[in-house]
Amino acid sequence: MNLQINHHTNEHTHSLELAGEVDAYTAPKLKEVLVPLTEKEGQEIIIDLSQIEYMDSTGLGIFVGALKSTKANNGSLKLRGMTERVRRIFEITGLTEVMDIENEVKGEAK
């Protein structure tokens, strides 16, 4: 599976819609798009994960790094639309305690 990234910008707000898988193979693509946004002063970044089918620890690492960079540059990072499977990964690692995650959870496709 591949990773698709749709990026929309409105002044200082960036919306990323991700679809597919975030793993060791696809993470560099996500990092290439996300990290430069986090390094700009005062940016708001909203990432829709509702179409992410799988994420591994490499993907989690990208989000942790993005959160640190965003905060260092007086910005914000919000994750939304997680499936139950992806949300469990964030819960198990304790990232739900430090990241801004909307409570809405998308059901798993059967």
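This is a short tour of the salt bridges and one loop residue in a predicted model.

Before selecting anything, note that residues are numbered from 1 along each chain as its sequence is written. In this predicted model, local features need pLDDT of at least 70 and side-chain atom pairs count only at pLDDT 80 or more, while totals for chains, interfaces and linings use all residues; side-chain values use heavy atoms, with hydrogens and water left out.

**Stop 1: K78 and E102.** Searching the whole structure gives two salt bridges (a side-chain nitrogen of Lys or Arg within 4 Å of a carboxyl oxygen of Asp or Glu). Select K78 and E102, whose closest N and O atoms are 3.8 Å apart in a salt bridge. This pair links distant parts of the chain, 24 residues apart: K78 is in strand β4 (residues 76–80), and E102 is in the loop between β6 (100–101) and β7 (105–106). Helices (H or I, at least four residues) and strands (E, at least two) are DSSP runs, numbered from the N terminus. K78 has a relative accessible area of 27% and is partly exposed; E102, at 26%, is partly exposed as well. Buried means under 20% relative accessible area, exposed over 50%, and partly exposed in between (1.4 Å probe, protein chains only).

**Stop 2: R87 and E91.** Next, select helix α3 (residues 84–92), which holds both R87 and E91, four residues apart, or about one turn of the helix. Their side chains form a salt bridge, 3.2 Å from N to O. R87 is buried at 14%, whereas E91 is partly exposed at 41%.

**Stop 3: K40.** Finally, select K40 in the loop between α1 (27–38) and β3 (44–55). K40 is partly exposed, at 45% relative accessibility. Add A72, 32 residues from K40 along the chain: the two C-alpha atoms are separated by 9.7 Å.
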